[in-house]
Structure formats: C-alpha cells, structure tokens
Amino acid sequence: MHDNNSILIAGPAAGEVSHDEPQQTRLAGRAAVLTARFEAIPFTPWHRRARIIMGSATFLDAFDALSLAFVLPILIKLWALTPAQIGWMIAASYIGQLVGALLFSRLAEALGRVHMAASATALMSVMSLACILVGDFQMLFICRLIQGIGVGGEMPVAATYISELLRAKGRGRNFMLYELIFPIGLMVTGQVGTLIVPVFGWKSLFLLGGIPGLLIAYLLYRLPESPRWLIGQGRLDEAEKVIRQAEESARHKDPGYSFDHRAYNEATLALGGQSQVAAPRPRSRWRELLSPTFRMRTIIAWILWASSFFVANSLNNWMPTLYHTVYSLELGSALRAASMTNVAQVVILLACAFCIDRIGRRTWAVVSFLVGAVLLAALAAGGANSLWSLILLATLAYGVVGSVNAVLYLYTPEIYPTRMRAVGTGLATSWLRIASAVGPTTVGYMVGAQGIKSVFIMFGIVAVIGALAATQMIETGGRRLEEISS
C-alpha cells in the first residue's frame with residue numbers, strides 16, 4: 001500500500017484544479033533533494049551487493065538462453081530434427097522472450113523493478129526444470145516458449161534497475177562491469193555444456209539452469225527497490241529509507257562522507273542543471289514512445305537492437321550445429337569451438353567497460369558494427385571454405401557485434417525518463433526477441449537451400465544497417481535525458 005505521499009504528490013487529475021499546491025510544491029522539493037542525494041552517492045558495497053545479486057539472475061538468464069544450443073546436436077540425432085525444426089526450436093525461446101519483455105517491463109513500471117525481476121527469474125527456473133521431463137520436439141518447444149517469457153522479462157527489468165542505482169559519473173564503467181556477467185554466463189554455458197552434455201546427457205544442462213535460479217529469485221525479492229522508481233511513484237518515505245541505507249554504506253566506506261551543498265550542486269549539474277523536479281506524471285503508455293519527443297530515438301534504438309541481435313544470436317545458436325553437421329567436427333570439438341565466441345565477447349567487453357565513458361556509446365557501436373561487417377564479408381568471400389578461418393572470423397565477428405548488445409543495455413535506459421524507462425527498455429528488447437526468432441529460423445532455411453555463404457552475406461548487410469543507425473544515436477555521456485526531454 002502506498003503512503004499518503006503517493007496521493008498528494010500525484011497532483012490533480014486532468015481538468016481538475018489543485019487546492020493544495022503548497023503541499024505539492026513541498027513534496028516536489030523533497031523529491032528533488034532525495035534525487036540529488038542519491039545521485040551524489042559514490043559506488044559503495046551497497047551498490048555492489050545489488051549488482052552481484054541482480055547479476056546472478058542475469059548470469060542465469062544467459063545460461064538458460066544458450067543452453068539449447070549445446071543440446072541441439074544431440075537432439076538432432078535423437079529426434080531426427082529437420083533444419084526447419086531446429087530453427088523453430090531456437091525461435092521458441094525468443095518468441096516467449098518477446099512476450100516476457102513486454103509483459104514484465106510493463107509490470108515493472110506499475111509494481112516495481114525488484115519483484116518483477118524476481119518473478120521472471122522464478123518462472124524461467126521452474127521451466128528449466130520442466131524441460132527435463134519432456135521427451136519429444138513438441139513438448140520441449142512448449143517448455144522453451146514458456147521459459148522464454150521469464151528469460152525475456154528478467155533482462156530489461158534488471159538493466160533498468162541497475163542503471164537507476166548508478167549515478168551519471170562512471171555509470172558506463174560500472175554498468176558494463178555488471179553487463180559483463182551475461183557473456184560470462186554464455187561462456188560458462190559453453191564450457192559446462194562441452195563438459196557435461198557428452199557425459200551426462202542433454203537434460204543435465206537444464207537441471208543446472210533450474211535449481212540455482214530458485215535461490216536467486218529469493219535473494220532478488222530481498223533487494224531494496226529502486227529509489228528513483230519510488231520517488232517517481234511518490235513513495236518518498238520508502239525512497240528515503242533506501243537512500244539512507246546507501247548513504248550509510250558510503251559513510252562506512254568513507255567516514256568523512258556527507259551530503260553537503262557542494263555535492264548537491266554537483267548532483268543537480270549531473271541531472272541536467274535543474275534544482276527542482278516536477279511532481280510525478282501519470283503512468284506512461286507505450287504509444288508515448290512514438291510521440292514527437294521520443295519518436296526518433298525510439299526508432300533508432302529499435303533498429304540497433306534488431307540489427308545487433310539478429311547477427312549475434314543467430315551466430316551464437318547456430319555455430320555448434322554448423323560445426324558438427326556442416327563441417328563434421330565431432331561433438332566435443334564442435335562445442336568447444338562454438339564456446340570460443342563467448343570468450344571473445346568477454347575480452348572485448350572488458351576493454352569496452354574501461355573506455356566506454358571516454359569514447360562514447362555511439363562511437364563504440366558504429367565501429368563495432370563496421371568491423372563486424374568486414375569480418376562477415378570475409379567469411380562470405382571465402383573465409384568459410386576453411387574450418388579454421390571460419391572459427392577465427394566467426395568468433396571475432398560475434399565478439400565485436402555482440403559487444404554492441406551490452407552497450408545497448410547501457411544506452412537505452414539513459415534515453416528515457418524514469419516513468420517510462422522500464423517500458424521503453426522492454427519494448428526495445430522486444431525487437432531483439434523478434435530478430436532472434438527470425439534470424440535462426442531464416443538461417444535454417446538458407447543453409448538448406450542456398451548454402452552457408454549466403455548466411456554470412458545476409459549477416460554482413462544487417463551489420464551495415466546497424467552501423468548506419470548507430471550514427472544517429474544520441475550521445476548521452478552517462479547522463480539520462482529525462483530532465484531535458486520529459
């Protein structure tokens with residue numbers, strides 16, 4: 001139940017006249033001070049704990065998202081799957097993720113970030129265990145579809161939550177270090193899948209993805225809610241309680257820390273130079289994303305999400321199968337070769353984390369797309385004729401294009417105000433789900449009909465489209481744009 005502040009700060013409904021403007025002004029002023037206090041807090045163990053727990057859910061998200069790629073080579077022979085069925089099996093999770101991204105991001109605006117991230121994690125963990133019980137293509141398709149709802153719901157809500165905990169100064173580095181957990185999860189999935197699937201069977205990977213998730217969901221429920229979301233909801237007493245916890249952590253780390261006038265000025269400068277904030281607006285609707293204020297940044301973001309994930313997730317899900325079936329690598333070698341793509345992404349993202357605040361989101365995205373397009377063109381021009389050149393070029397192409405994926409999780413929450421940040425990020429990630437469902441399915445048909453070179457030509461064209469869209473990105477430099485454009 002909301003406290004009285006949530007009623008008073010909300011202001012009059014459309015067409016009504018407020019009779020308590022002084023009270024609303026005081027509450028808006030208190031909201032401004034709370035926002036500035038939170039913006040002034042440096043990164044502390046309080047932030048680190050939240051990042052570790054939410055990062056654990058993101059790690060599990062990656063594990064569950066990629067697990068199918070490392071069991072497919074067994075299921076192809078066990079169930080005599082056709083290339084089209086393989087594509088649909090990969091697409092099942094992404095179709096579910098599309099639903100989850102829209103559903104949980106919308107609920108996160110109304111019910112809070114923490115509970116929705118926890119609920120999504122619980123759903124994907126339960127369905128991972130359900131995958132163990134199936135015995136045919138149809139049932140596994142259904143389980144992966146439902147599991148995808150949880151997988152798709154966790155990532156945008158988690159990214160929004162972590163972004164809202166971090167202040168503008170150093171957000172790029174701290175957020176990218178959190179986001180690094182996703183490719184690490186992919187990398188671990190590859191290594192674990194390579195080791196245990198040939199020995200213990202395909203169901204073992206789903207077991208490992210399910211059991212820890214239930215514990216992680218419990219820990220998520222115990223995290224503090226985002227103070228920025230609480231302030232936006234008018235729940236100022238709850239927001240102040242959370243902010244005091246963060247400030248206490250800052251004082252424990254630095255006994256001399258205090259919120260003073262100089263810190264307040266620096267915080268308000270980072271917030272766009274405003275010393276006051278308006279009372280929270282009514283809950284945003286999806287159509288506001290395409291209003292004149294937000295339309296261009298929204299369309300560019302959607303193109304970026306679709307382009308980067310079309311290439312990266314198609315490569316990530318198909319490479320184990322291509323190595324095993326088209327290039328006749330034995331199962332263990334195929335899985336090890338495929339797992340190197342995620343190792344490359346981790347190395348590239350680690351470099352990204354320490355330079356993204358200096359070179360900017362836009363520059364990194366443009367260069368990564370262009371480098372990826374060149375590598376994919378090399379594969380189409382003859383690099384795919386040799387197994388070892390294929391492994392090298394495909395691994396590097398995935399690493400550089402995949403780094404854009406992580407940057408988009410940093411960039412997208414920065415271009416929307418708090419009241420629509422989760423829904424804006426969630427709807428943007430829905431395009432990655434669409435692209436990730438269409439991409440592998442398209443690859444399945446193209447490999448059988450036109451050969452593997454045509455696939456790399458298609459990927460190269462999509463990467464060029466992504467580079468062109470990236471040139472139109474708003475350079476945030478770590479600042480959120482809500483104070484400027486809302």
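pLDDT is the predictor's confidence in each residue, on a scale from 0 to 100.

**Entry 1: confidence.** I began here, since this is a predicted model. The protein has a mean pLDDT of 82, and 87% of its residues reach 70 or more. I then looked up the extremes: helix α5 (residues 113–131) has the highest confidence, at 95, while helix α1 (residues 4–8) has the lowest, at a mean of 35. Over residues 1–18 the pLDDT is below 50, and I noted 31 contacts in the model for this stretch beyond near neighbours in sequence. Residues 271–281 also fall below 50, with 25 such contacts. A reminder to myself: where pLDDT is low, the predicted coordinates should not be read in detail.

**Entry 2: a nonpolar patch.** Which residues form a nonpolar patch on the surface? I found Leu-290, Ile-299, Ile-303, Ile-457, Ile-461 and Ile-465, with about 480 Å² of accessible area together. Two elements give two or more residues to this patch, namely α13 (295–325) and α19 (452–470). Helix α19 gives the most, with three residues.

I picked Ile-457, found in helix α19, for a closer look. Its relative accessible area is 46%, so I logged Ile-457 as partly exposed; that class runs between 20% and 50%.

**Entry 3: Ala-381.** Is Ala-381 buried or exposed? Ala-381 counts as exposed because its relative accessibility is 69%, and the cut-off is over 50%. This residue is found in helix α16 (residues 361–381). I also checked Ala-381 against Lys-453: they are 72 residues apart in sequence, and 7.8 Å apart in space, C-alpha to C-alpha.

Terms used
Residues numbered from 1 in each chain as written. Predicted model: local features only at pLDDT ≥ 70, side-chain atom pairs only at ≥ 80, totals over all residues. Heavy atoms only, no water. Patch = residues over 30% accessible without salt bridge, like charges linked within 9 Å, V, L, I, M, F, W, Y side chains within 5 Å. Areas by Shrake-Rupley, 256 points an atom, 1.4 Å probe, with all protein chains shown as cover. Salt bridge = Lys/Arg side-chain N within 4 Å of Asp/Glu carboxyl O. Helix = DSSP H or I, 4+ residues; strand = E, 2+ residues; numbered from the N terminus. Buried < 20%, exposed > 50% of the residue type's maximum accessible area, 1.4 Å probe, protein only. Contact = heavy atoms within 4.5 Å.
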